[in-house]
Amino acid sequence: MSQFEYVENCWYPVGFSREFSEGELQGHKVANKPFVMWRSKSDGQIVGFDDRCCHKRFPLSESDLLDDGTVRCAYHGLCYDTSGQCVAIPAAPDKPIPPNARLRVAPVREQDGVVWLWPGDVEVSETIDPPRTPEIAGDDVVSVGSPDPLHVPANYILLIENLLDITHFFPLHDGNIGDEENSKIPVQLEEGEDAGYQYVKTIRHVENYKQPPYLKEWFIYDEVERIHTHCMVSPGLTRVEMRVAPHGELGTEAERGYTLLHLHLPVDESNLIWRWCVSCHKDHHPLNDTSISTAEKVAEMFPEVVAQDQWALEKQQRMFEFADEDYSELFLKTDKALRRARQIMMAMQRKERAAAEEQRTTRRSAARNAASA
């Protein structure tokens, strides 16, 4: 899967805001790069840097966050402030601190309940904002996120493809959210650009659909008209929306449904971290337990579905250990969105490689000019 390992110039979700407490150092691996992050005690802002002390590569995420807000390397004691600048070297207290004694900054943004990190070119990060996730903090909804991040030994494009496709609801999810009728629902494709991101969306509209057991429990109706969409917003976010109601009543007070955000982060070529968050109207309740919200019921039952997907992703990834030789993947008509997702991400990678080669050429030219001067 080397042709689409991961995109570096992208905002990736490293956690929900609630996962970042003041006074806690965290180590994260994003796009095969190590980062240290912490929430500042002074202003509550989250900062991120290369996790390696500039002296001897010791991981700062395994070090100490002092009361004054600086990080002290546990190996030789070099201290860094929230700008990444080294402010103390215990072994040379009376010497000037070298100007290159500083950490490489990793751009970090916190918005709409999610913390995002940019592992690529810092200058490019200034040209685009992270995707918005307003559902997480909406006033008219209840939102419940996955209790813990899921570490999955698979390339993250496999998860994105899984999320864009509901034809796998049978047989993988048969008996909970899926059945064979899911495979027969016509698929429409929508593409475009929004807030600087090229997106791809599948749309499935079905009438007189008898809901599988989990969906009936969540959305109360036995038979419905349903609109189900899956959108790769960016390489870090897929948004799933489902709206159901008795025939002809979509858009009325009878409508039920959810927004399900999937936050996916590439750890490296064959590992990802997956988080999800479900949002439902605050006044909606499941069929058999009106004491809790629909979102709470979905969050309670959804891990079984996720576990089935995780099982399939792990099995898929193992098959990449074998040489293709005369093997090639078969793509069906219903896989068009999956192919477009791959193409979008591969185009982003080509753009990154071209920019990197241009920078290398510029540096080589500057070095030659300096040598001949």
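Here is a chat between a biologist and a modeller about a predicted model of one protein chain.

Biologist: Let's start with the whole chain: how many helices and strands does the secondary structure come to?
Modeller: The C-alpha trace spans about 80 × 55 × 35 Å along its principal axes. Within that trace, the count for the chain is six helices and 18 strands.

Biologist: What share of the residues counts as buried?
Modeller: A residue is called buried when its relative accessible area is under 20%. The accessible surface of the chain comes to about 18500 Å², with 49% of that belonging to carbon and sulfur atoms. For burial, we look at the 373 residues, and the share that counts as buried is 49%.

Biologist: How far apart are the mean positions of the positive and negative charges?
Modeller: The chain has 40 positive and 61 negative charges. Take the mean position of each set, and the two points are apart by 6 Å.

Biologist: Which residues does UniProt list for "domain: Rieske"?
Modeller: That label comes from an unreviewed UniProt entry. The stretch it covers is 0% helix and 36% strand in the model, and its end C-alpha atoms are 5 Å apart. The record lists residues 11-117.

Biologist: Now the strands: is β3 largely enclosed or left open by the rest of the structure?
Modeller: Strand β3 covers residues 33-39. Five of its seven residues are buried, so β3 is largely enclosed.

Biologist: Which residue in β3 is the bridge partner of Lys29?
Modeller: Strand β2 (residues 26-30) pairs with β3 in the antiparallel sense, over five bridges. These strands form a hairpin with two residues between them, and Ala31 in the turn has a positive phi of about 50°. Across the pairing, the partner of Lys29 is Pro34.

Biologist: And which residue in β4 is the bridge partner of Trp38?
Modeller: β3 is also joined to strand β4 (residues 46-50), running antiparallel with five bridges. That hairpin has six residues between the strands, and Gly44 there takes a positive phi near 80°. The bridge partner of Trp38 is Val47.

Biologist: Which strands stand at the edges of the open sheet with β6 and β7 in it?
Modeller: The sheet has four strands in the order β5-β6-β7-β8, with antiparallel pairing. Each edge strand has a single partner, so one side of it is left without a neighbour in the sheet. The edge strands are β5 (64-65) and β8 (86-88).

Biologist: Which residue in β7 does Arg72 stand opposite?
Modeller: Strand β6 (residues 71-72) pairs with strand β7 (residues 79-80) in the antiparallel sense, over two bridges. In β7, the residue opposite Arg72 is Cys79.

Biologist: Which residue takes a positive phi in the hairpin of β9 and β10?
Modeller: Strand β9 (residues 108-111) and strand β10 (residues 114-117) pair antiparallel over four bridges, and Gln111 stands opposite Val114. Two residues sit between the strands. Most residues other than glycine have a negative phi. The one with a positive phi of about 50°, although not a glycine, is Asp112.

Biologist: Is Val114 buried or exposed?
Modeller: Val114 lies in strand β10. Beyond its neighbours within four places in sequence, Val114 is in contact with several residues, including Pro13, Phe16, Ile136 and Leu263. With a relative accessible area of 0%, Val114 is buried.

Biologist: How about Gln317: is that residue buried or exposed?
Modeller: Gln317 is found in helix α5 (residues 294-318). Leaving aside neighbours within four places in sequence, its contacts include Pro153, Asn155 and Ser270. Its relative accessible area is 12%, and the cut-off is under 20%, so Gln317 is buried.

Biologist: And Asn208, buried or exposed?
Modeller: Asn208 lies in strand β14 (residues 197-210). Phi of Asn208 is near 55°, a positive value in a residue other than glycine. Its relative accessible area is 51%, so Asn208 counts as exposed.

Biologist: Last one: what is omega for the peptide bond from Phe170 to Pro171?
Modeller: Pro171 lies in helix α3 (residues 169-172). Most peptide bonds are trans. The bond from Phe170 to Pro171 is cis, with omega near 10°.

Methods. Residues numbered from 1 in each chain as written. Predicted model: local features only at pLDDT ≥ 70, side-chain atom pairs only at ≥ 80, totals over all residues. Heavy atoms only, no water. Buried < 20%, exposed > 50% of the residue type's maximum accessible area, 1.4 Å probe, protein only. Areas by Shrake-Rupley, 256 points an atom, 1.4 Å probe, with all protein chains shown as cover. Lys, Arg positive; Asp, Glu negative; His and termini not counted. Charge placed at Lys NZ, Arg CZ, Asp CG, Glu CD. UniProt positions renumbered as here; feature names shortened; annotations may be inferred. Pairing = 2+ DSSP bridges. Contact = heavy atoms within 4.5 Å.
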